[in-house]
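Please take me through this structure one selection at a time, and tell me what there is to see at each stop.

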Amino acid sequence: MYRSQTLALKYFSAAITLFGVMTITGLISAYYYLNPDFLLGILPFNIAKILHINTLVMWLLMGFMGSIYWFLPAELGRETAGIWAAEILFYVFCAAVAVVAVVFIFIQYGGSNEAALWFINQGRKYVEAPRWAALGIVVIMVVFAYNVIGTAIAARKTTGIITVLMIDLIPLILLYLIAFPAISNMSADLFWWWWLVHLWVEATWEVLIGCIMALALMQLLGTSRRIVETWLYIEVALVLGTGILGLGHHYFWIGTPNYWLTIGGFFSALEPLPLLGMVVHAVYDAGAQHMKTTNRPAFYWMMAEAFGNFIGAGVWGFMITLPQINLYAHGTQWTVSHGHFAFWGAYSCGVISVLYLVLQKTRNLAFVDGPLWKWSFAALNLGLVGMTGALLVSGFVQAFVERAIGGSTLNAFISGQENAWFVDGMVARFLLALVFTAGYVVLVWDVLTLGRRAPAVAAVAPAQ
Ligand code: HEM
Ligand code: HEM
Ligand SMILES: [Fe+2]
């Protein structure tokens, strides 16, 4: 194994650990909706939610980095350039995440001054980490980009996928720099902050996961490079063609000029197209290879990624993206429903798929199958999709009762929150979250014991 691949394993361990922290903090966040006095005076809702969504971003980033550190040396036929720096920074990364989490939990708030921005919280949703940690992340990402680009230079070769990846890493890092400035004008601040959030998840991350899935498909199904790369180019062109101006769907109500209603509505409505393309691609490849694979969990998780990306991001996003509907759906649990489904489908399933591919190699397994992965696959997906259904019910109540009927007054807000359907949706979400959590536990169990349990499990060929 290359050193880069050993590092990949470490990144996957850290990612799956943070996935667990995200799940627990999600459960805590959800419980406040059932019992608002929960942890009163100890841990407020907003801190639990900050931990939830920041660990989400971090575990996905670590999963992506792990995937690239895994595939890169084999793809270019040499050790990753500057791997020693990446190895050191892995520990810096983990330590920084831990320190930031401890500060969030125990210090929670700072004054409205520069020191608080530097050491406690920068206050921008999804990228709340204080400046010192954000600086650290920039260093880690720059070294990561150097690892990829430097390897291609040293190898004096590249492939279509790696070229797309190298180009993608540049805007991905530049956009993160928006996590820094503290603009006092709220509209201007949100205007730029959406460049980071939207252009990460609907542009640069989509391209990144496209590259990772392309590399994974070749390993998983033996799909030819020509096919994978052709699809990748089509998808990238469509993602960038629709996603860049699709940014406008966040500019409807933050004080930007009216023309954003038209631009945002039109381009974001086209955003599901590339995601549909990815589904067609995945199904086409699976069919062309007669669904033959030696790694069933990786295969199923990859299919879940293709469909989840299309449905969660594409269909669920489409529902709320036209300004006429967004007026009512904006910032309700309907948005939360879409956010969960999209992040899960587009990214989490893909990272888990690659994790199983990695385990097949590192544990030296001819076949990967067995009962455990099926249980975790079922519980995680059932739990997550169920949660999005429950959130949708609560979100509809907010859109209809609070906004459309009640006219967004304070009274209407209260009657929305007290509506029986809203409350039931919150209870159902919590129960389904427990199913999801059980799925996580089984996933960890499977990952830790794969190939180390009864050898028969690993040795038996799956029924084709
Ligand atoms: C045990 C499972 C989970 C539970 C109980 C849970 C619960 C929650 C809760 C209560 C919130 C706050 C929503 C609000 O402000 O009202 C939230 C936000 C969020 N969660 Fe989860 N979550 C879980 C798993 C996940 C997973 C697996 C993902 C992604 C893969 C995810 C992504 C997000 C995102 C992106 C937000 C911010 C959404 C927004 O503010 O619009 N969560 N979650
Ligand atoms: C992988 C891709 C995607 C991910 C991970 C994702 C995730 C999210 C999240 C987490 C939010 C909540 C942001 C907040 O904190 O306020 C959000 C909002 C939104 N998303 Fe997506 N999304 C994706 C793709 C899409 C697509 C393709 C569309 C449209 C077709 C879309 C339409 C929207 C809209 C309109 C909002 C704003 C909702 C509101 O006004 O409250 N998203 N998305
Ligand atoms: Fe967006």
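Is Leu7 buried or exposed? Leu7 counts as buried, because it has 21 C-beta neighbours inside 10 Å and 20 or more are enough for that class. Keep in mind throughout that this is a predicted model.

**Stop 1: Leu7**

Select Leu7, which is placed in helix H1. Next, add Ile83: this residue is 76 residues away in sequence, yet the two C-alpha atoms are 8.6 Å apart in space. With neighbours within four places in sequence left aside, the contacts of Leu7 are Tyr69, Ile83, Ala86, Glu87 and Phe90.

**Stop 2: ligand 1**

Now select ligand 1 and the residues around it. The shell has 20 residues, and Gly26, Ser29, Ala30, Phe343 and Ala433 are the closest of them. Four helices each supply at least two residues of this shell: H1 (3–32), H2 (45–76), H13 and H16 (420–449). Which helix gives the most? H13 does, with 7 residues. Coloured by class, the shell around ligand 1 shows 10 nonpolar, 9 polar and 1 charged residues.

**Stop 3: H2 against H5**

Stay with H2 and add helix H5, residues 131–155. The axes of the two helices are 11 Å apart and meet at an angle of about 5 degrees. H2 is therefore roughly parallel to H5, since angles under 35 degrees count as such. To see the contact itself, show Met65, Ile68, Leu72 and Leu76 on H2, then Phe144, Val148, Thr151, Ala152 and Ala155 on H5. By class, the residues of this contact are 8 nonpolar, 1 polar and no charged.

**Stop 4: the nonpolar core**

Which residues have the most contacts inside the largest nonpolar core? They are Ala15 and Cys211, in a core of 128 residues. Select Cys211 and look beyond its neighbours within four places in sequence: Ile161, Val164, Leu165 and Leu232 are in contact with it.

**Stop 5: ligand 2**

Move to ligand 2 and select the 24 residues around it; Ala313, Gly317, Gly339, Ala342 and Ala346 come nearest. Helix H7 (186–221), helix H11 (296–319) and helix H13 (333–362) are the elements that give two or more residues to this shell. H13 has the largest share of the shell around ligand 2, at 6 residues. H13 also gives the most to the shell around ligand 1, so keep this helix displayed while you look at either ligand. The classes around ligand 2 are 8 nonpolar, 12 polar and 4 charged.

**Stop 6: Leu275 and Asn309**

Select Leu275, found in helix H10 (residues 272–288). Leu275 counts as buried because it has 29 C-beta neighbours inside 10 Å. Beyond its neighbours within four places in sequence, Leu275 is in contact with Asn309, Phe310, Ala313 and Gly314. One of these, Ala313, is also among the residues that come nearest to ligand 2. For a view across the sequence, add Glu206: it is 69 residues from Leu275 along the chain, and their C-alpha atoms are separated by 9.2 Å.

Then go to Asn309, in helix H11. Is Asn309 buried or exposed? It counts as buried, with 29 C-beta neighbours inside 10 Å. Apart from neighbours within four places in sequence, Asn309 is in contact with Leu275, Met278, Gly345 and Ala346. Ala346 is another of the residues that come nearest to ligand 2. Asp168 lies 141 residues from Asn309 along the chain, with 19 Å between the C-alpha atoms.

**Stop 7: two positive phi angles**

Finish in the loops. Most residues other than glycine have a negative phi. Select Gln108, in the loop between helix H3 (83–106) and helix H4 (114–119). Gln108 is not a glycine, but its phi is positive, about 65 degrees. Gln108 counts as partly exposed, because it has 15 C-beta neighbours inside 10 Å.

Last, select His290, in the loop between H10 and H11. What is the phi of His290? It is positive, about 55 degrees, although His290 is not a glycine. His290 is exposed, because 9 other C-beta atoms lie within 10 Å and the limit for that class is 12 or fewer.

Note on methods. Residues numbered from 1 in each chain as written. Chains lettered and ligands numbered in written order. Predicted model: local features only at pLDDT ≥ 70, side-chain atom pairs only at ≥ 80, totals over all residues. Near = placed C-beta within 6 Å. Nonpolar A, V, L, I, M, F, W, Y, C, P; charged D, E, K, R; others polar. Axes fitted to C-alpha atoms, helices over the stretch in contact; angles between N-to-C directions. Parallel < 35°, antiparallel > 145°, perpendicular 65-115°, else oblique. Contact = placed C-beta atoms within 7 Å. Core = buried A, V, L, I, M, F, W, Y, C linked by C-beta atoms within 7 Å.
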